[in-house]
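Here is a short tour of one model, written for someone who likes to know how each term is defined. Keep the viewer open while you read.

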Amino acid sequence: MNITEQDKLFIEEAYRLAKRNVQKGGWPFSTIIVRNGEVLSRAVNSVVWTHDPSDHAEIAAVRIATEKIGSNDLNGSTAYMLAPPCPMCSACMILAKISRIVYAVDVVSKDRALTNLPPTQGLYHAVSMQEDGPIKYEQCTQFSEDGFDLFSSWNSGLS
Ligand SMILES: [Zn+2]
């Protein structure tokens with residue numbers, strides 16, 4: 001499957017959610033879970049407010065979506081996010097049987113590596129984005145530059 005016009009719209013929304021979260025003092029991570037054209041959940045990273053290190057957008061979005069459908073099986077769903085999920089969230093996505101992940105910013109490759117990404121850095125490759133893994137990863141480049149700028153400005157604010 002290739003990136004569709006609908007994918008681009010959801011990536012744009014994920015970007016806007018992440019940007020708004022940064023403007024509120026949070027981190028630039030958001031997730032939208034969609035199945036058969038229906039939005040099952042939208043969530044952002046809330047770690048700075050809840051102080052829960054597992055309160056990532058992907059985990060929150062899975063919790064909302066599974067509660068909404070009354071099942072832990074999200075097979076057939078696509079998760080939209082600005083950057084690929086961390087290893088914890090990748091595991092959650094696999095357990096939830098998310099079928100596809102569409103992201104904008106490649107924070108994994110060397111030339112796009114973000115030096116100040118929290119402790120998950122370096123673990124990405126161990127768990128995430130395996131070509132023969134259970135989830136198909138696709139990059140929607142429409143918001144790669146905007147997303148990268150958002151990550152970069154957020155990173156420069158961290159010490
Ligand atoms: Zn995560």
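Burial is counted with C-beta atoms placed from the backbone: a residue is buried if 20 or more other C-beta atoms lie within 10 Å of its own, exposed if 12 or fewer, and partly exposed in between. Please keep in mind that this is a predicted model, in which local features need pLDDT of at least 70 and side-chain atom pairs count only at pLDDT 80 or more, while totals for chains, interfaces and linings use all residues. Residue numbers start from 1 along each chain as its sequence is written.

**Overall layout**

The protein chain contains 6 helices and 5 strands; these are DSSP runs numbered from the N terminus, with helices being H or I of at least four residues and strands being E of at least two. Read from the N terminus, the order of elements is α-β-β-α-α-β-α-β-α-β-α. Of the 159 residues in the protein chain, 38% are buried. Two residues are in contact if their C-beta atoms, placed from the backbone, lie within 7 Å. Taking contacts between residues at least 6 apart in sequence, 61% join residues at least 24 apart.

**Four residues to look up**

| Residue | Element or loop | C-beta atoms within 10 Å | Class |
|---|---|---|---|
| Gly 25 | loop between α1 (5-23) and β1 (30-35) | 9 | exposed |
| Ser 41 | strand β2 (residues 38-44) | 22 | buried |
| His 51 | loop between α2 (47-50) and α3 | 8 | exposed |
| Lys 97 | loop between α4 and β4 (100-103) | 15 | partly exposed |

Which residues does Ser 41 touch, leaving aside those up to four places away in sequence? They are Ile 33, Ala 61, Ile 64, Ala 65 and Lys 68. Between Ser 41 and Lys 68, 27 residues apart along the chain, the C-alpha separation is 8.2 Å.

Gly 25 also has a partner from far along the chain: Trp 154 is 129 residues away in sequence, yet 9.6 Å away in space, C-alpha to C-alpha.

His 51 and Lys 97 are worth a look for their backbone angles. The phi of His 51 is positive, about 60°, although His 51 is not a glycine. Lys 97, another residue other than glycine, has a positive phi near 65°.

**How α3 and α4 pack**

Two packed helices are described by the angle between their axes and the distance between the axes. Here the axes are lines fitted to C-alpha atoms over the stretch in contact, and angles run from 0 to 180 degrees between N-to-C directions. Helix α3 (residues 57-69) and helix α4 (residues 87-95) pack at about 20°, and their axes are 9 Å apart. The two are therefore roughly parallel, a label for angles under 35 degrees. Their crossing is left-handed, meaning that the near helix is turned anticlockwise from the far one by less than a right angle.

At this contact, Glu 58, Ile 59 and Val 62 of α3 meet Cys 89, Cys 92 and Met 93 of α4. By class, the contact has 5 nonpolar, no polar and 1 charged residues; Ala, Val, Leu, Ile, Met, Phe, Trp, Tyr, Cys and Pro count as nonpolar, Asp, Glu, Lys and Arg as charged, and the others, Gly among them, as polar.

Where do the buried residues of α4 sit around the axis? Those residues are Cys 89, Ser 90 and Met 93. They cover an arc of only 105° around the axis, so they are on the same side of α4; the arc is that of the directions from the helix axis to the C-beta atoms.

Definitions and conventions
Parallel < 35°, antiparallel > 145°, perpendicular 65-115°, else oblique.
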